[in-house]
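Welcome! Here are some short exercises to work through with the model open beside you. Try each task before you read its solution.

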Amino acid sequence: MDCIFCKIANKEIPSNFIYEDENVIAFNDLNPQAPVHFLVVPKKHYESLNTIDSKEAFADIFSAVPKICEKLGVKEYRTVVNTGESAGQSVFHIHVHVMAGREFTWPAG
Ligand code: AMP
Ligand code: ZN
């Protein structure tokens, strides 16, 4: 399957992981929207939030977020999951954006 995040997870494309465990990786976003902007990505391919099929997968992805933030000394952050093109999803392998280091406005644009 031609999926950029699968290739990163499989180490076919070199990337500096800021976190890795059995099920999840995290790496800095190529086009950061905040001083801290990384992506938390399951190693298993799920197209989006709509196709996650187990509670374990949710738990694996989301429980990694505070662990990584603690490691980075980040206490306050914005998490974003875009689902579908109109919501801004451009890579169809689910990922959680974690952004920090500036003020965020609400609602998101
Ligand atoms: P989304 O638009 O929510 O699907 O987010 C996709 C994100 O992936 C964007 O913020 C891109 O900047 C980021 N991105 C795309 N390719 C790479 C890559 N090779 N390494 C790191 N981040 C990437
Ligand atoms: Zn994938």
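Let us begin with a space other than the main one. About 250 Å³ of space lies in the second largest pocket. Keep in mind throughout that this is a predicted model.

**Exercise 1. Find which residues line the second largest pocket, and sort them by class.**

Solution. Step one is to locate the lining: Q33, R78, V80, N82, A87, M99, R102, F104, T105, A108 and G109. Step two is to sort these residues: five are nonpolar, four polar and two charged. R78 and R102 belong to the lining, and arginine counts as charged.

**Exercise 2. Describe the largest pocket: its volume, its lining and the elements that build it.**

Solution. Start with the volume, which is about 400 Å³. Next, look at the lining: 21 residues take part, and F5, D29, L30, L39 and V91 lie nearest the centre of the pocket. Now ask which elements give two or more residues to this lining; they are α1, β2, β3 (36-42) and β5 (96-100). Among the contributors, α1 gives the most, with three residues. Finally, sort by class: the lining has nine nonpolar, eleven polar and one charged residues.

**Exercise 3. Work out where ligand 1 sits and what surrounds it.**

Solution. First, place the ligand: ligand 1 sits in the largest pocket. Then look around it: 15 residues surround ligand 1, and the closest are D29, N82, G88, S90 and H97. Two elements, α1 (4-9) and β2 (24-28), each supply at least two residues of this shell. By class, the shell holds six nonpolar, eight polar and one charged residues. You have already met N82, which also lines the second largest pocket.

**Exercise 4. Trace polar contacts of ligand 1 with D29, S90 and L30, then find how much of the ligand the protein buries.**

Solution. A polar contact needs a pair of N or O atoms within 3.5 Å. Take D29 to begin with: a polar atom of its side chain lies 2.5 Å from an oxygen atom of ligand 1. Move on to S90, where a backbone N or O atom is 2.7 Å from an oxygen atom of the ligand. In L30 a polar backbone atom is the partner, 3.1 Å from a nitrogen atom of ligand 1. To finish, consider the area: taken alone, ligand 1 exposes 500 Å², and the protein buries 81% of that.

**Exercise 5. Inspect the backbone at P107 and at K11.**

Solution. At P107, check the peptide bond with W106: this bond is cis, with omega about 5°. P107 is placed in the segment after β5. At K11, read phi: the value is near 65°, which is positive in a residue other than glycine. To place K11, look in the loop between α1 and β1 (17-20).

Methods:
Residues are numbered from 1 along each chain as its sequence is written. Chains are lettered from A and ligands numbered from 1 in the order in which they are written. This is a predicted model: local features need pLDDT of at least 70, side-chain atom pairs count only at pLDDT 80 or more; totals for chains, interfaces and linings use all residues. Side-chain values use heavy atoms; hydrogens and water are left out. A residue is near a molecule or strand if one of its heavy atoms lies within 4 Å of it. A polar contact is a pair of N or O atoms within 3.5 Å; within protein, one must be able to donate a hydrogen and the other to accept it, and residues adjacent in sequence count only if both atoms are side-chain atoms. Accessible areas come from the Shrake-Rupley method with a 1.4 Å probe; for residues, only the protein chains shown count as cover. On a 1 Å grid over the protein atoms alone, a cavity is a set of points where a 1.4 Å probe fits but cannot get out, and a pocket is an open set with protein on both sides within 12 Å along at least five of seven lines; lining residues have an atom within 4 Å of a point. A molecule sits in a cavity or pocket if more than half of its atoms lie within 2 Å of its grid points. Helices (H or I, at least four residues) and strands (E, at least two) are DSSP runs, numbered from the N terminus. Grid points are joined across faces, edges and corners, and a volume is the space filled by probe spheres set on the points.
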